[in-house]
Amino acid sequence: MFSTDRYRNYPQFGEEHDQLRKLVRDWCRKDLHPNAHAWEAERLFPREVFRQAAQRNLLGIRMPESLGGLGLDWWYTVCYAEEMVNCGLAGLTMALLVQSDMATPVIHEIGDSWHHDTYLKPAIAGQAIAALGITEPDAGSDVAAIKTTARRQGDDYVVNGAKTFITNGTRADFITLAVRTGGAGHEGVSLLMFPTDAKGFRVTRKLEKMGNHCSDTAEIAFEDCRVPVRNLLGNEGEGFYYIMANFGGERLVGALTAIAGAQRILDVTTEWCKTRMAFGKNLMGFQTVRHQLVQLETEIEAGRQLCYRTVDLVVRGDAAWREIAMCKLYCGEVGNKVADRCVQLHGGMGYMDECEVSRVFRDMRLITIGGGTSEIMREILTKVCL
Ligand SMILES: Cc1cc2nc3c(=O)[nH]c(=O)nc-3n(C[C@H](O)[C@H](O)[C@H](O)COP(=O)(O)OP(=O)(O)OC[C@H]3O[C@@H](n4cnc5c(N)ncnc54)[C@H](O)[C@@H]3O)c2cc1C
(Lines give C-alpha, C1' and ligand atoms only; values in the text may rest on other atoms or scores of the structure.)
Protein backbone atom coordinates (compact mmCIF):
# COMPACT_ATOMS: atom_id res chain seq x y z
CA MET A 1 0.00 0.00 0.00
CA PHE A 2 2.85 2.42 0.70
CA SER A 3 5.25 3.29 -2.08
CA THR A 4 8.81 2.42 -1.16
CA ASP A 5 11.63 2.26 -3.69
CA ARG A 6 9.79 3.72 -6.65
CA TYR A 7 11.88 6.89 -6.82
CA ARG A 8 15.32 5.34 -6.28
CA ASN A 9 16.16 5.15 -9.98
CA TYR A 10 15.61 8.81 -10.75
CA PRO A 11 18.97 10.60 -10.90
CA GLN A 12 17.54 13.71 -9.24
CA PHE A 13 17.33 12.00 -5.90
CA GLY A 14 20.09 10.94 -3.51
CA GLU A 15 20.35 9.70 0.03
CA GLU A 16 19.16 12.95 1.63
CA HIS A 17 16.03 12.96 -0.52
CA ASP A 18 15.43 9.37 0.53
CA GLN A 19 15.67 10.41 4.17
CA LEU A 20 13.04 13.09 3.69
CA ARG A 21 10.83 10.63 1.81
CA LYS A 22 11.13 8.12 4.62
CA LEU A 23 10.33 10.75 7.25
CA VAL A 24 7.13 11.76 5.44
CA ARG A 25 6.14 8.18 4.59
CA ASP A 26 6.60 6.98 8.16
CA TRP A 27 4.55 9.89 9.50
CA CYS A 28 1.80 9.11 7.00
CA ARG A 29 1.82 5.42 7.83
CA LYS A 30 1.93 5.71 11.62
CA ASP A 31 -0.02 8.85 12.45
CA LEU A 32 -2.17 9.95 9.52
CA HIS A 33 -3.40 7.02 7.41
CA PRO A 34 -4.88 5.10 10.38
CA ASN A 35 -7.15 8.10 11.02
CA ALA A 36 -8.23 8.57 7.40
CA HIS A 37 -11.79 7.26 7.73
CA ALA A 38 -12.42 9.04 11.05
CA TRP A 39 -11.17 12.44 9.88
CA GLU A 40 -13.11 12.20 6.63
CA ALA A 41 -16.26 11.37 8.61
CA GLU A 42 -15.61 14.22 11.06
CA ARG A 43 -15.10 16.55 8.09
CA LEU A 44 -11.91 17.94 9.66
CA PHE A 45 -8.48 16.73 10.64
CA PRO A 46 -7.05 17.99 13.96
CA ARG A 47 -5.17 21.28 14.12
CA GLU A 48 -2.37 19.36 15.80
CA VAL A 49 -1.40 17.93 12.37
CA PHE A 50 0.00 21.33 11.36
CA ARG A 51 2.26 21.21 14.42
CA GLN A 52 3.33 17.65 13.64
CA ALA A 53 4.25 18.76 10.11
CA ALA A 54 6.28 21.64 11.54
CA GLN A 55 8.09 19.35 13.97
CA ARG A 56 9.24 17.42 10.90
CA ASN A 57 10.33 20.71 9.22
CA LEU A 58 7.89 20.19 6.36
CA LEU A 59 6.25 23.62 6.35
CA GLY A 60 9.29 25.59 5.25
CA ILE A 61 11.37 23.25 3.12
CA ARG A 62 12.53 25.99 0.72
CA MET A 63 12.46 28.80 3.30
CA PRO A 64 15.74 30.13 4.75
CA GLU A 65 16.97 28.62 8.00
CA SER A 66 16.89 32.12 9.54
CA LEU A 67 13.09 31.94 9.28
CA GLY A 68 12.87 28.42 10.63
CA GLY A 69 12.97 26.70 7.25
CA LEU A 70 15.35 24.11 5.82
CA GLY A 71 16.85 26.21 3.02
CA LEU A 72 16.53 23.36 0.52
CA ASP A 73 15.50 23.36 -3.14
CA TRP A 74 12.42 22.27 -5.09
CA TRP A 75 13.56 18.63 -5.35
CA TYR A 76 12.90 18.26 -1.62
CA THR A 77 9.46 19.79 -2.07
CA VAL A 78 8.90 17.11 -4.74
CA CYS A 79 9.73 14.40 -2.17
CA TYR A 80 7.39 15.95 0.41
CA ALA A 81 4.48 16.36 -2.04
CA GLU A 82 4.91 12.88 -3.55
CA GLU A 83 5.14 11.08 -0.22
CA MET A 84 2.25 12.94 1.42
CA VAL A 85 -0.16 10.96 -0.78
CA ASN A 86 0.61 7.99 1.47
CA CYS A 87 -1.64 9.50 4.12
CA GLY A 88 -4.53 8.65 1.80
CA LEU A 89 -6.16 12.01 2.53
CA ALA A 90 -6.00 14.45 -0.36
CA GLY A 91 -7.81 17.01 1.80
CA LEU A 92 -5.11 16.93 4.45
CA THR A 93 -2.34 17.10 1.85
CA MET A 94 -4.05 20.07 0.21
CA ALA A 95 -4.43 21.90 3.54
CA LEU A 96 -0.74 21.44 4.38
CA LEU A 97 0.34 22.49 0.89
CA VAL A 98 -1.80 25.64 1.17
CA GLN A 99 0.16 26.37 4.34
CA SER A 100 3.62 25.60 2.96
CA ASP A 101 3.43 26.22 -0.80
CA MET A 102 0.42 28.37 -1.68
CA ALA A 103 -0.29 31.01 0.99
CA THR A 104 3.22 31.66 2.29
CA PRO A 105 5.95 31.63 -0.45
CA VAL A 106 4.81 35.06 -1.61
CA ILE A 107 5.29 36.42 1.93
CA HIS A 108 8.89 35.28 1.79
CA GLU A 109 9.45 36.67 -1.69
CA ILE A 110 8.01 40.16 -1.34
CA GLY A 111 7.36 40.61 2.38
CA ASP A 112 9.57 42.65 4.71
CA SER A 113 11.07 41.48 8.01
CA TRP A 114 7.90 42.46 9.90
CA HIS A 115 5.75 40.30 7.58
CA HIS A 116 8.26 37.49 8.02
CA ASP A 117 8.26 37.71 11.81
CA THR A 118 4.52 38.20 12.18
CA TYR A 119 3.17 35.73 9.62
CA LEU A 120 5.79 33.57 7.96
CA LYS A 121 7.75 32.33 10.98
CA PRO A 122 4.62 31.25 12.93
CA ALA A 123 3.32 29.49 9.79
CA ILE A 124 6.59 27.59 9.29
CA ALA A 125 6.56 26.69 13.00
CA GLY A 126 3.00 25.34 12.73
CA GLN A 127 1.78 27.89 15.29
CA ALA A 128 -0.42 29.82 12.85
CA ILE A 129 -2.65 28.41 10.11
CA ALA A 130 -2.48 30.17 6.75
CA ALA A 131 -5.06 30.55 3.99
CA LEU A 132 -4.94 32.06 0.52
CA GLY A 133 -7.92 34.29 -0.25
CA ILE A 134 -8.38 35.03 -3.92
CA THR A 135 -11.61 33.45 -5.20
CA GLU A 136 -14.89 35.33 -4.71
CA PRO A 137 -18.52 34.43 -5.37
CA ASP A 138 -18.37 36.41 -8.64
CA ALA A 139 -14.70 36.02 -9.59
CA GLY A 140 -12.76 32.76 -9.87
CA SER A 141 -10.84 32.14 -13.08
CA ASP A 142 -11.01 35.87 -13.78
CA VAL A 143 -8.84 37.03 -10.88
CA ALA A 144 -8.71 40.61 -12.20
CA ALA A 145 -12.49 40.86 -11.54
CA ILE A 146 -12.28 40.57 -7.73
CA LYS A 147 -14.47 43.04 -5.84
CA THR A 148 -13.27 42.86 -2.23
CA THR A 149 -12.02 46.37 -1.49
CA ALA A 150 -9.32 47.72 0.80
CA ARG A 151 -9.73 51.49 1.02
CA ARG A 152 -7.04 53.57 2.66
CA GLN A 153 -8.17 55.53 5.76
CA GLY A 154 -5.31 57.13 7.67
CA ASP A 155 -2.86 54.42 8.72
CA ASP A 156 -5.31 51.62 7.96
CA TYR A 157 -6.94 49.81 5.08
CA VAL A 158 -10.67 49.19 5.55
CA VAL A 159 -11.61 45.85 3.99
CA ASN A 160 -15.10 45.01 2.71
CA GLY A 161 -16.25 42.06 0.62
CA ALA A 162 -16.43 38.27 0.52
CA LYS A 163 -14.32 35.29 -0.53
CA THR A 164 -15.37 31.72 -1.19
CA PHE A 165 -13.92 28.19 -1.50
CA ILE A 166 -11.12 29.18 0.90
CA THR A 167 -9.09 26.15 2.08
CA ASN A 168 -8.27 26.29 5.83
CA GLY A 169 -10.81 29.14 5.87
CA THR A 170 -12.73 28.18 9.02
CA ARG A 171 -9.65 28.16 11.24
CA ALA A 172 -6.97 30.22 9.50
CA ASP A 173 -5.09 32.69 11.70
CA PHE A 174 -4.22 34.83 8.73
CA ILE A 175 -5.10 35.11 5.07
CA THR A 176 -2.87 36.18 2.22
CA LEU A 177 -5.66 38.21 0.73
CA ALA A 178 -6.28 39.62 -2.75
CA VAL A 179 -8.00 43.00 -2.47
CA ARG A 180 -8.91 45.89 -4.71
CA THR A 181 -7.05 49.03 -3.67
CA GLY A 182 -7.46 50.81 -6.98
CA GLY A 183 -9.76 50.97 -9.99
CA ALA A 184 -11.15 48.18 -12.14
CA GLY A 185 -8.95 45.55 -13.79
CA HIS A 186 -5.72 43.91 -12.77
CA GLU A 187 -3.91 47.19 -12.03
CA GLY A 188 -6.24 47.76 -9.07
CA VAL A 189 -5.37 44.53 -7.26
CA SER A 190 -3.08 44.33 -4.21
CA LEU A 191 -2.09 41.69 -1.66
CA LEU A 192 -2.74 42.26 2.03
CA MET A 193 -1.80 40.15 5.03
CA PHE A 194 -5.10 39.81 6.84
CA PRO A 195 -5.27 38.67 10.51
CA THR A 196 -8.56 36.82 11.10
CA ASP A 197 -8.96 38.28 14.58
CA ALA A 198 -9.70 41.64 12.92
CA LYS A 199 -13.09 43.03 13.98
CA GLY A 200 -15.72 42.59 11.27
CA PHE A 201 -14.29 39.34 9.88
CA ARG A 202 -16.52 36.27 9.95
CA VAL A 203 -16.76 32.79 8.54
CA THR A 204 -20.11 32.89 6.79
CA ARG A 205 -20.30 29.11 6.40
CA LYS A 206 -18.29 25.95 6.12
CA LEU A 207 -18.93 24.44 2.71
CA GLU A 208 -19.85 20.78 2.16
CA LYS A 209 -17.84 19.30 -0.71
CA MET A 210 -17.86 16.36 -3.13
CA GLY A 211 -14.49 15.20 -1.80
CA ASN A 212 -11.45 16.29 0.25
CA HIS A 213 -13.81 15.96 3.19
CA CYS A 214 -11.26 16.20 5.97
CA SER A 215 -10.19 19.69 4.91
CA ASP A 216 -12.28 22.74 5.68
CA THR A 217 -13.41 25.03 2.88
CA ALA A 218 -15.08 28.28 3.79
CA GLU A 219 -17.05 31.23 2.63
CA ILE A 220 -15.83 34.31 4.51
CA ALA A 221 -16.90 37.93 4.79
CA PHE A 222 -15.25 41.24 5.63
CA GLU A 223 -17.24 44.16 7.01
CA ASP A 224 -15.30 47.35 7.68
CA CYS A 225 -12.27 45.38 8.89
CA ARG A 226 -9.37 47.69 9.74
CA VAL A 227 -5.91 46.43 8.89
CA PRO A 228 -2.75 48.53 9.36
CA VAL A 229 -1.13 49.79 6.16
CA ARG A 230 2.07 47.91 6.98
CA ASN A 231 0.13 44.69 6.25
CA LEU A 232 0.30 45.50 2.53
CA LEU A 233 2.50 42.94 0.80
CA GLY A 234 4.80 44.41 -1.82
CA ASN A 235 3.56 47.39 -3.78
CA GLU A 236 0.02 48.65 -4.12
CA GLY A 237 -1.46 47.74 -7.51
CA GLU A 238 1.00 44.93 -8.22
CA GLY A 239 -0.98 42.18 -6.50
CA PHE A 240 -2.16 40.58 -9.73
CA TYR A 241 1.42 39.90 -10.83
CA TYR A 242 2.36 38.52 -7.41
CA ILE A 243 -0.67 36.22 -7.52
CA MET A 244 0.18 34.95 -11.00
CA ALA A 245 3.80 34.29 -10.00
CA ASN A 246 2.64 32.55 -6.82
CA PHE A 247 0.27 30.35 -8.85
CA GLY A 248 3.36 28.75 -10.43
CA GLY A 249 4.34 26.90 -7.25
CA GLU A 250 0.73 26.10 -6.38
CA ARG A 251 0.11 24.50 -9.77
CA LEU A 252 3.35 22.56 -9.72
CA VAL A 253 2.70 20.96 -6.31
CA GLY A 254 -0.88 20.30 -7.44
CA ALA A 255 0.40 18.43 -10.51
CA LEU A 256 2.95 16.49 -8.43
CA THR A 257 0.32 15.32 -5.94
CA ALA A 258 -2.05 14.39 -8.79
CA ILE A 259 0.57 12.14 -10.35
CA ALA A 260 1.75 10.67 -7.05
CA GLY A 261 -1.87 10.07 -6.01
CA ALA A 262 -2.58 8.42 -9.35
CA GLN A 263 0.49 6.19 -8.96
CA ARG A 264 -0.54 5.18 -5.48
CA ILE A 265 -4.06 4.22 -6.47
CA LEU A 266 -2.80 2.40 -9.55
CA ASP A 267 -0.46 0.38 -7.28
CA VAL A 268 -3.40 -0.45 -5.02
CA THR A 269 -5.46 -1.45 -8.06
CA THR A 270 -2.68 -3.60 -9.50
CA GLU A 271 -2.55 -5.57 -6.23
CA TRP A 272 -6.34 -5.91 -6.32
CA CYS A 273 -6.18 -7.27 -9.87
CA LYS A 274 -3.75 -9.96 -8.72
CA THR A 275 -6.22 -11.34 -6.19
CA ARG A 276 -9.73 -10.60 -7.45
CA MET A 277 -11.12 -13.65 -9.22
CA ALA A 278 -13.53 -13.73 -12.17
CA PHE A 279 -14.31 -16.59 -14.54
CA GLY A 280 -11.85 -18.87 -12.78
CA LYS A 281 -8.79 -16.62 -12.90
CA ASN A 282 -7.60 -13.39 -11.34
CA LEU A 283 -8.20 -10.13 -13.18
CA MET A 284 -4.53 -10.01 -14.14
CA GLY A 285 -5.22 -13.08 -16.26
CA PHE A 286 -7.15 -10.93 -18.74
CA GLN A 287 -5.06 -9.22 -21.39
CA THR A 288 -7.40 -6.24 -21.53
CA VAL A 289 -6.83 -5.62 -17.81
CA ARG A 290 -3.05 -5.90 -18.13
CA HIS A 291 -3.07 -3.51 -21.08
CA GLN A 292 -5.11 -0.96 -19.15
CA LEU A 293 -2.72 -1.08 -16.20
CA VAL A 294 0.40 -0.53 -18.29
CA GLN A 295 -1.29 2.19 -20.35
CA LEU A 296 -2.09 4.09 -17.13
CA GLU A 297 1.43 3.46 -15.80
CA THR A 298 2.82 4.97 -19.02
CA GLU A 299 0.67 8.09 -18.77
CA ILE A 300 1.62 8.54 -15.11
CA GLU A 301 5.30 8.26 -16.00
CA ALA A 302 4.86 10.85 -18.77
CA GLY A 303 3.23 13.22 -16.27
CA ARG A 304 5.99 12.63 -13.75
CA GLN A 305 8.70 13.34 -16.32
CA LEU A 306 6.93 16.55 -17.33
CA CYS A 307 6.87 17.61 -13.67
CA TYR A 308 10.53 16.72 -13.18
CA ARG A 309 11.53 18.63 -16.31
CA THR A 310 9.60 21.62 -14.95
CA VAL A 311 11.18 21.38 -11.50
CA ASP A 312 14.58 21.24 -13.18
CA LEU A 313 13.81 24.52 -15.00
CA VAL A 314 12.57 26.13 -11.77
CA VAL A 315 15.65 25.01 -9.81
CA ARG A 316 17.90 26.46 -12.53
CA GLY A 317 15.95 29.74 -12.37
CA ASP A 318 14.65 29.45 -15.94
CA ALA A 319 11.19 30.55 -17.06
CA ALA A 320 8.72 27.67 -16.74
CA TRP A 321 5.28 29.21 -17.44
CA ARG A 322 4.71 26.93 -20.39
CA GLU A 323 5.76 23.78 -18.55
CA ILE A 324 3.85 24.61 -15.36
CA ALA A 325 0.61 25.10 -17.32
CA MET A 326 1.29 21.82 -19.15
CA CYS A 327 1.91 20.01 -15.85
CA LYS A 328 -1.31 21.27 -14.28
CA LEU A 329 -3.29 20.45 -17.43
CA TYR A 330 -1.80 17.06 -18.25
CA CYS A 331 -1.34 15.66 -14.74
CA GLY A 332 -4.81 16.77 -13.67
CA GLU A 333 -6.41 15.04 -16.64
CA VAL A 334 -4.28 11.89 -16.19
CA GLY A 335 -5.07 11.82 -12.46
CA ASN A 336 -8.79 11.86 -13.20
CA LYS A 337 -8.47 9.22 -15.89
CA VAL A 338 -6.50 6.90 -13.61
CA ALA A 339 -8.96 7.38 -10.73
CA ASP A 340 -11.88 6.63 -13.05
CA ARG A 341 -10.27 3.46 -14.46
CA CYS A 342 -9.27 2.24 -10.98
CA VAL A 343 -12.88 2.52 -9.78
CA GLN A 344 -13.92 0.51 -12.83
CA LEU A 345 -11.33 -2.19 -12.20
CA HIS A 346 -12.60 -2.53 -8.63
CA GLY A 347 -16.14 -3.17 -9.88
CA GLY A 348 -18.89 -2.64 -7.28
CA MET A 349 -16.30 -2.42 -4.52
CA GLY A 350 -14.87 0.65 -6.24
CA TYR A 351 -18.18 2.41 -5.66
CA MET A 352 -18.21 1.71 -1.92
CA ASP A 353 -17.19 4.35 0.60
CA GLU A 354 -15.12 1.78 2.46
CA CYS A 355 -12.90 1.36 -0.64
CA GLU A 356 -10.13 3.94 -0.90
CA VAL A 357 -10.37 4.25 -4.68
CA SER A 358 -13.87 5.74 -4.35
CA ARG A 359 -12.43 8.49 -2.14
CA VAL A 360 -9.54 9.10 -4.55
CA PHE A 361 -12.03 9.33 -7.42
CA ARG A 362 -13.97 12.07 -5.59
CA ASP A 363 -10.87 13.88 -4.33
CA MET A 364 -9.08 13.81 -7.68
CA ARG A 365 -11.95 15.66 -9.35
CA LEU A 366 -10.68 18.87 -7.79
CA ILE A 367 -7.32 18.82 -9.56
CA THR A 368 -8.61 20.10 -12.91
CA ILE A 369 -10.53 22.91 -11.15
CA GLY A 370 -8.67 24.29 -8.10
CA GLY A 371 -5.74 26.65 -8.57
CA GLY A 372 -6.72 27.29 -12.20
CA THR A 373 -8.94 25.08 -14.34
CA SER A 374 -7.82 22.97 -17.29
CA GLU A 375 -9.51 25.50 -19.56
CA ILE A 376 -7.45 28.33 -18.06
CA MET A 377 -4.29 26.24 -18.50
CA ARG A 378 -5.18 25.86 -22.19
CA GLU A 379 -5.74 29.64 -22.35
CA ILE A 380 -2.25 30.24 -20.89
CA LEU A 381 -0.73 27.74 -23.32
CA THR A 382 -2.54 29.41 -26.22
CA LYS A 383 -0.85 32.68 -25.30
CA VAL A 384 2.58 31.15 -24.64
CA CYS A 385 2.77 28.60 -27.46
CA LEU A 386 0.81 29.92 -30.43
C1 LIG B 1 -12.05 22.44 -2.82
C2 LIG B 1 -11.61 23.78 -3.35
C3 LIG B 1 -10.63 24.48 -2.67
C4 LIG B 1 -10.25 25.75 -3.11
N5 LIG B 1 -9.34 26.47 -2.38
C6 LIG B 1 -9.12 27.76 -2.69
C7 LIG B 1 -8.33 28.59 -1.86
O8 LIG B 1 -7.77 28.14 -0.84
N9 LIG B 1 -8.19 29.91 -2.18
C10 LIG B 1 -8.77 30.45 -3.28
O11 LIG B 1 -8.62 31.63 -3.52
N12 LIG B 1 -9.52 29.68 -4.11
C13 LIG B 1 -9.72 28.37 -3.85
N14 LIG B 1 -10.50 27.59 -4.66
C15 LIG B 1 -11.10 28.19 -5.84
C16 LIG B 1 -10.55 27.68 -7.17
O17 LIG B 1 -9.27 28.14 -7.41
C18 LIG B 1 -11.57 28.11 -8.24
O19 LIG B 1 -12.72 27.31 -8.05
C20 LIG B 1 -11.05 27.99 -9.66
O21 LIG B 1 -10.04 28.90 -9.91
C22 LIG B 1 -12.17 28.19 -10.70
O23 LIG B 1 -12.90 29.35 -10.45
P24 LIG B 1 -14.49 29.28 -10.35
O25 LIG B 1 -14.85 28.18 -9.42
O26 LIG B 1 -15.01 30.63 -10.01
O27 LIG B 1 -14.98 28.86 -11.77
P28 LIG B 1 -15.34 29.85 -13.00
O29 LIG B 1 -14.24 30.83 -13.19
O30 LIG B 1 -16.70 30.40 -12.77
O31 LIG B 1 -15.36 28.84 -14.22
C32 LIG B 1 -16.49 28.02 -14.51
C33 LIG B 1 -16.14 27.21 -15.77
O34 LIG B 1 -15.91 28.12 -16.85
C35 LIG B 1 -14.64 27.87 -17.42
N36 LIG B 1 -14.04 29.10 -17.89
C37 LIG B 1 -13.83 30.25 -17.21
N38 LIG B 1 -13.18 31.13 -18.00
C39 LIG B 1 -12.96 30.53 -19.17
C40 LIG B 1 -12.32 30.91 -20.40
N41 LIG B 1 -11.73 32.11 -20.54
N42 LIG B 1 -12.30 30.03 -21.42
C43 LIG B 1 -12.87 28.80 -21.30
N44 LIG B 1 -13.47 28.38 -20.17
C45 LIG B 1 -13.51 29.23 -19.13
C46 LIG B 1 -13.83 27.26 -16.28
O47 LIG B 1 -12.72 26.53 -16.79
C48 LIG B 1 -14.87 26.39 -15.63
O49 LIG B 1 -14.98 25.18 -16.32
C50 LIG B 1 -10.85 26.30 -4.27
C51 LIG B 1 -11.81 25.55 -4.98
C52 LIG B 1 -12.20 24.33 -4.53
C53 LIG B 1 -13.27 23.59 -5.29
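Where does the ligand lie, relative to domain 2 (130-237) and domain 3 (241-385)? Hi everyone, let's work that out together. One thing to keep in mind is that this is a predicted model.

Let's start with the layout. The chain is split into three parts: domain 1 (15-124), domain 2 (130-237) and domain 3 (241-385). Taken over C-alpha atoms, the centres of domain 2 and domain 3 are 30 Å apart. Where these two touch, nine residues come from domain 2 and nine residues from domain 3. On the domain 2 side of that contact, we find five nonpolar, four polar and no charged residues.

Now to our opening question. Both domain 2 and domain 3 contribute residues to the shell around the ligand, so the ligand lies between them.

Who is in that shell? There are 23 residues around the ligand, and the ones that come nearest are Ile134, Gly140, Ser141, Thr373 and Glu375. Three elements supply two or more residues each: β1 (130-133), β3 (156-167) and α12 (374-385). By class, the shell has nine nonpolar, eleven polar and three charged residues.

Let's finish with β1, one of those elements. Find it in the structure above and follow its side chains. Ala130 and Leu132 point one way, while Ala131 and Gly133 point the other way. Are these four buried or exposed? All of them are buried. And β1 has a partner: it pairs with strand β4 (residues 174-180) in the parallel sense, over four bridges. If you look across from Gly133, you will see Leu177 in β4 standing opposite.

Thanks for listening!

Conventions:
Residues are numbered from 1 along each chain as its sequence is written. This is a predicted model: local features need pLDDT of at least 70, side-chain atom pairs count only at pLDDT 80 or more; totals for chains, interfaces and linings use all residues. A residue is near a molecule or strand if its C-beta atom, placed from the backbone, lies within 6 Å of it. Ala, Val, Leu, Ile, Met, Phe, Trp, Tyr, Cys and Pro count as nonpolar, Asp, Glu, Lys and Arg as charged, and the others, Gly among them, as polar. Domain bounds come from an automatic or database domain assignment. Two residues are in contact if their C-beta atoms, placed from the backbone, lie within 7 Å. A residue is buried if 20 or more other C-beta atoms lie within 10 Å of its own, exposed if 12 or fewer, and partly exposed in between; C-beta atoms are placed from the backbone. Two strands pair if DSSP finds at least two bridges between them.
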